[in-house]
Amino acid sequence: MATKDDHAGSHEGHHVGFWRKYWFSTDHKVIGIQYGITALFFLLFGFILMLLMRWQLASPGVEIPLLGALTPEMYNQFGAMHGTIMVFMGIVPLAVGAFGNYVVPLQIGAIDMAFPRLNMASYHFFFWGGIVMLASFFVPQGAAKAGWTSYPPLADIETMGQTMWLWGMVLLITSSLLGAINFLTTIIQLRTEGMTFFRMPFFVWTQFVTAFLLLLAFPPLEAAGFLQLADRLLGTSFFLPSGLVTAEGPLEVSGGGSPLLWQHLFWFLAHPEVYVLILPAMGIVAEIVANNTRKPLWGYRLMVYSLIFLGFMSFIVWAHHMFITGMGTAISAFFQVTTMIISIPSVVILSALFITLWGGSIRFSTPMLFALGFLPMFGIGGLTGLPLGLAPTDIPLHDTYYVIGHFHYVVAPGTILALFAGIYYWFPKMTGRTLNDTLGKVHFWGTIISMNGIFFPMLIQGLAGVSRRLFDGGLAYSFSEPVLEYNMVMSVSAAALFLFQFPFIINFFMSMKGGKKVEKANHWDATTLEWSATPIMPVPHGNFETVPRVYRDPYEYNVPGSDQPYLSQDLAPPPATRAEALEKVEA
Amino acid sequence: MELLIPYEVTPRRDTGVNNAKLGIWLFLASEVMLFGGLFAAYIFLRMGADAWPGMETFDTHEMATRADQVLSVPLATLNTVILIASSVTMVLSWASLKMDNFKGFRLHMGLTILLALGFLVVKAFEYGSKFSHHVGPDTNIFLGIYFVLTGLHALHVTGGIIVNAYFWGPGTRMWLSGNERDKAHFTNRIEIAGLYWHFVDLVWIFLFPMIYLV
């Protein structure tokens with residue numbers, strides 16, 4: 001049988017070819033790194049698209065070196081693709097595909113994912129989905145221009161790039177679905193002996209809930225994607241109302257469809273997707289905070305219950321993205337209530353992380369800096385979202401820069417900082433070498449300051465009423481005049497953010513081969529199982545020398561009464577003395 | 001040392017299932033959401049429509065008042081019977097393996113595949129009669145959703161045929177190896193394929209009344 005041979009081959013260190021080892025690997029760690037590097041590339045690419053747009057916004061019409069002045073069509077393409085790339089090809093693959101793949105099996109003490117070949121297939125679906133998306137820039141009239149939300153009727157009558165976008169999404173969704181099935185099966189089935197659900201590290205919990213969200217929220221978007229494909233290719237009019245007139249005159253379609261239907265199906269995915277973006281980030285931060293405060297997480301169980309509640313609620317808040325569609329006050333009222341309720345578990349988790357800091361002797365390592373940066377930044381992101389969850393305040397703010405500022409606070413200084421934290425934290429595990437601390441600190445301070453320089457002015461501009469998606473950044477409107485100068489602040493900050501990524505990129509590649517070697521496998525003195533894996537770097541296929549058995553909760557740092565600074569989850573308790581045993585019996 | 005994933009064949013004690021069975025149930029959950037999304041779209045569009053099905057009948061050219069005036073209920077009923085029969089043969093093929101009766105497996109799996117092909121042939125006649133009247137998915141919303149829902153279902157049937165044909169043909173070498181673990185593994189695979197097949201059957205049982213009758 002093929003599977004056995006594959007595994008045996010790589011495990012025994014037989015000479016396997018380059019392609020088999022790095023491209024068609026079934027080892028979850030290699031696949032995780034594949035995801036990570038591909039996703040980092042896409043993140044950089046998506047960011048560069050935005051830099052070009054910000055050039056245009058700060059100085060409309062001024063030519064960009066090598067590219068010339070941005071046309072409105074290019075601006076729209078870049079905007080739509082920036083959103084798509086960052087969400088579906090950057091953050092999710094990095095948070096779930098890379099960290100989830102690499103860390104989850106290690107943390108639960110498994111030798112691999114439950115379906116290694118399916119795991120490989122997930123990566124390849126993701127990769128080719130990404131290629132289709134990138135290729136769409138080169139088809140006649142360029143890539144999709146209807147925004148990352150692809151609202152019809154515009155998206156239905158857009159150029160060929162939109163069809164490519166839909167096919168790309170079908171591949172990306174397939175990748176996510178296969179991945180979600182794999183994660184859930186792995187977490188449910190392959191937990192090692194003693195690893196009960198409530199001994200799982202919080203990161204594994206976040207991946208668990210995230211996988212459920214992906215599994216159940218993505219298919220309706222896939223359904224919507226099929227309907228939009230049918231509209232574009234078969235001539236149906238699911239999203240086209242009767243009597244639609246465009247600049248070219250009345251549209252020759254049968255009509256009778258509803259643009260609102262797309263919005264419902266789209267946001268049914270896209271709201272849970274917000275939590276797909278944020279939950280793994282919370283998981284990473286929780287790991288790092290516990291490790292660097294040298295304390296157990298405050299309220300671990302409370303956090304887990306909040307997480308589950310959050311995951312459940314995220315399926316019934318979607319229409320708060322649609323208050324201005326005129327769907328009616330009764331429906332709006334329902335979604336306002338659920339939206340207010342869902343903010344509670346988010347606040348609980350964030351508060352628990354803050355309380356964990358209380359009284360800890362904090363190690364300000366580079367990953368910890370990023371994790372600490374995440375907490376207030378995500379806080380701002382969350383709090384600025386409250387006015388958007390209530391229809392009366394959402395209606396004037398919707399489709400202004402305020403919305404852009406809000407969700408970027410959640411995903412950029414929020415999630416992306418957490419993802420960087422994860423890279424700095426697990427890099428020694430992945431390579432056996434550490435990233436340079438000085439460069440890491442330059443990267444951190446540069447990133448967090450310039451990110452605020454980009455996103456805070458957006459909130460101000462939005463409150464002043466500047467619409468999003470304006471090609472000239474609001475130049476044409478007199479009311480935006482008092483806040484127009486912020487365009488330059490944001491664009492300069494974006495350029496600074498770009499420059500401050502170079503310390504990271506240099507650090508990342510230099511440290512792979514030339515970084516300081518770790519002195520011991522458990523570089524951070526951590527308790528979770530990934531640090532108990534085979535102490536060879538990189539960890540070979542199979543993960544553990546002997547299958548670990550778990551005896552403890554995930555974060556046993558500075559346990560009262562213990563002479564050890566920390567107790568690994570797989571550390572067997574000392575055999576009880578006779579006196580202790582008797583005491584137990586009496587109790 | 002071989003790297004063998006635990007619970008590939010035998011169930012894990014505390015969860016009571018093996019990996020593949022849990023995996024297929026999760027996959028089916030996502031499929032429920034996929035078809036659920038489309039059913040929701042169907043309801044949404046139908047509620048917003050002025051008339052349903054909103055087209056003329058093919059013989060009398062009057063406005064149809066019910067879907068069965070423009071769709072062929074007899075053909076769809078025949079297809080329902082075919083699919084249910086194929087689910088029965090699918091179970092029998094698995095049961096044959098459980099009883100170590102490989103010939104029975106071959107027979108029943110072969111019948112399942114033939115019935116599924118029969119379903120597609122009937123479907124092709126149904127589609128053909130629409131096209132011969134010069135109506136298609138672009139005619140109106142009703143036919144649009146009819147073609148998309150039944151078309152996606154037909155794709156699922158095709159996928160099932162491919163999987164089952166693999167297990168009927170080249171996939172059997174796993175059983176023929178004679179190794180007990182591989183035989184158990186193969187039997188599991190047939191059970192998993194069966195779960196998928198019953199799901200495809202079930203989707204049709206929802207589709208049929210919803211599109212053709214209601």
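Colleague: Between which two helices of chain A is the loop that holds A:D399?

Modeller: This is a predicted model: local features need a pLDDT (the predictor's confidence in each residue, from 0 to 100) of at least 70, side-chain atom pairs count only at pLDDT 80 or more, and totals for chains, interfaces and linings use all residues. Residues are numbered from 1 along each chain as its sequence is written, while chains are lettered from A and ligands numbered from 1 in the order in which they are written. Helices (H or I, at least four residues) and strands (E, at least two) are DSSP runs, numbered from the N terminus. A:D399 is in the loop between α12 (391–397) and α13 (401–431) of chain A.

Colleague: What does A:D399 count as: buried, exposed or partly exposed?

Modeller: A residue is buried if 20 or more other C-beta atoms lie within 10 Å of its own, exposed if 12 or fewer, and partly exposed in between, with C-beta atoms placed from the backbone. A:D399 has 15 C-beta neighbours inside 10 Å, so it counts as partly exposed.

Colleague: Which residue of chain B has a positive phi although it is not a glycine?

Modeller: The residue is in the segment before α1 of chain B. With 20 other C-beta atoms within 10 Å, this residue is buried. Its phi is about 60°, and it is B:Y7.

Colleague: What is the pattern of chain B, read along the sequence?

Modeller: Chain B has six helices and zero strands. Its pattern is therefore made of helices alone: α-α-α-α-α-α.

Colleague: How far apart are the end C-alpha atoms of helix α6 of chain B?

Modeller: Helix α6 runs over residues 180–213, which is 34 residues. The expected span is 1.5 Å times one less than the number of residues. That gives 50 Å, and the model agrees, because the end C-alpha atoms are 49 Å apart.

Colleague: At which residue does α6(B) bend?

Modeller: A bend is the angle between axes fitted to the seven residues ending at a residue and the seven starting there. For α6(B) this angle is about 25°, and a proline, B:P209, follows within four residues of the bend. The bend is at B:L207.

Colleague: Which residues does B:F208 touch, not counting those up to four places away in sequence?

Modeller: B:F208 lies in helix α6 of chain B. This residue is partly exposed, with 18 other C-beta atoms within 10 Å. Two residues are in contact if their C-beta atoms, placed from the backbone, lie within 7 Å. On that rule B:F208 touches B:A76 and B:T80.

Colleague: Which helix gives the most to the side of chain B that touches chain A?

Modeller: The contact takes 34 residues from chain B and 39 residues from chain A. On the chain B side, α1 (19–48) and α4 (141–168) each supply at least two residues. The most, 15 residues, comes from α1(B).

Colleague: Which residues touch the most other members of the largest nonpolar core?

Modeller: A nonpolar core is a set of buried Ala, Val, Leu, Ile, Met, Phe, Trp, Tyr and Cys residues joined through C-beta atoms within 7 Å. The largest holds 221 residues, and the two that touch the most other members are A:V285 and A:A421.

Colleague: Which stretch of chain A has a pLDDT below 50?

Modeller: The mean pLDDT of chain A is 93, and 97% of its residues reach 70 or more. Where pLDDT is low, the predicted coordinates should not be read in detail. In chain A the stretch below 50 is residues 1–13.
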